[in-house]
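Please look through the structure shown below before reading on. The report that accompanies it takes up the interior, the charged pairs, the surface and some details of the backbone.

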Amino acid sequence: MIFYENELFILSISNSIISLEFKSKTIINLSAAQNIVATRLQLQAKKVYPLFLDMRGVTDSDKAGRDYLAQYGFMLTKAVVIVVNPGVSSVITSFYLKRYTAEVPVKVFTEKLKAMEFLNTFI
């Protein structure tokens, strides 16, 4: 298992899945987005993985950060699941993903178990 943690997120690679979990009250701006992507790519060492992305700890983001993640956030991934809180964040995330099409399958979930079931099909 590979593990990394900083003040914004916890990143791990286990069972052929890379997992990125944001800590409570995280705000994503351009600098944070660049840090997230660079750290993940460094830990992946050019290997492609399915990505489990838990956004439930994110409380806010700016347009520059969202745009950066939309453009570069899915590099070296086979498929991506994004787990969000039900309600507004789910609707906003789904809307944003429709504007920025990814080259890999990306699905939004509110339940971790269902998200993992989908992602396990890409291992």
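The following paragraphs describe this predicted model, beginning with its interior.

## The nonpolar cores

The largest nonpolar core has 23 residues, and the members that touch the most others are F9, L20, F22 and I82. Several elements contribute to this core: β2 (9-14), β3 (17-22), α1 (30-44), β5 (49-54) and β7 each supply at least two residues. Helix α1 gives the largest share, namely five residues. Another core lies apart from this one; it consists of nine residues, including A79, V81, F118 and L119.

The surroundings of F22 may be examined in more detail. If residues up to four places away in sequence are set aside, F22 touches L8, F9, I28, I36, L53, D54, M55, G57 and V58. One of these contacts, D54, also takes part in a salt bridge, with R56 as its partner.

## The salt bridges

Side chains of opposite charge can pair when their charged atoms come close. How many salt bridges does the structure hold? There are three. The table lists each pair with the separation of the closest N and O atoms.

| Basic residue | Acidic residue | N to O separation |
|---|---|---|
| K23 | E5 | 2.8 Å |
| R56 | D54 | 2.6 Å |
| K63 | D67 | 2.6 Å |

The pair of K23 and E5 joins two elements. K23 belongs to the loop between β3 and β4 (26-28), while E5 belongs to strand β1 (residues 2-5), so this salt bridge ties together parts that are 18 residues apart in sequence. Both partners are partly exposed: K23 has a relative accessibility of 25%, and E5 has a relative accessible area of 41%.

The pair of D54 and R56 can be described by the accessibility of its two partners. Is D54 buried or exposed? D54 is buried, because its relative accessible area is 6% and the limit for a buried residue is under 20%. R56, by contrast, is partly exposed, at 33%.

The pair of K63 and D67 lies within a single helix. Both residues are part of α2, where they stand four residues apart, about one turn of the helix. K63 is partly exposed, with a relative accessible area of 47%, and D67 is partly exposed as well, with a value of 21%.

## T77 and the residues before it

T77 lies in strand β7, which covers residues 77-83. With a relative accessible area of 7%, T77 is buried. Which residues does T77 touch, not counting those up to four places away in sequence? They are R40, V48, Y49, L51 and V104. A polar atom of the T77 side chain also lies 2.6 Å from the backbone oxygen of F74.

L76 is found in the loop between α2 (63-72) and β7. L76 is partly exposed, its relative accessible area being 31%. Together with V48, Y72 and M75, L76 forms a nonpolar patch on the surface, and these residues have about 290 Å² of accessible area together. V48 thus appears twice in this section, as a member of the patch and as a contact of T77.

## Backbone angles and a pair of positions

Most residues other than glycine have a negative phi, and most peptide bonds are trans. Two residues of this model are described here for their positive phi. For K25, phi is near 65°, although the residue is not a glycine. K25 is placed in the loop between β3 and β4, and K25 is exposed, with a relative accessible area of 66%. A45, likewise not a glycine, has a positive phi of about 50°. A45 sits in the loop between α1 and β5, and at 60% relative accessibility A45 counts as exposed.

A last residue to consider is Q34, which is found in helix α1. Q34 counts as partly exposed, at 36% relative accessibility. Between Q34 and S12 there are two kinds of distance to compare: the residues are 22 residues apart in sequence, and their C-alpha atoms are 18 Å apart in space.

How values were computed. Residues numbered from 1 in each chain as written. Predicted model: local features only at pLDDT ≥ 70, side-chain atom pairs only at ≥ 80, totals over all residues. Heavy atoms only, no water. Buried < 20%, exposed > 50% of the residue type's maximum accessible area, 1.4 Å probe, protein only. Polar contact = N/O pair within 3.5 Å; in protein donor to acceptor, adjacent residues only side chain to side chain. Contact = heavy atoms within 4.5 Å. Patch = residues over 30% accessible without salt bridge, like charges linked within 9 Å, V, L, I, M, F, W, Y side chains within 5 Å. Areas by Shrake-Rupley, 256 points an atom, 1.4 Å probe, with all protein chains shown as cover. Salt bridge = Lys/Arg side-chain N within 4 Å of Asp/Glu carboxyl O. Core = buried A, V, L, I, M, F, W, Y, C linked by side-chain atoms within 4.5 Å.
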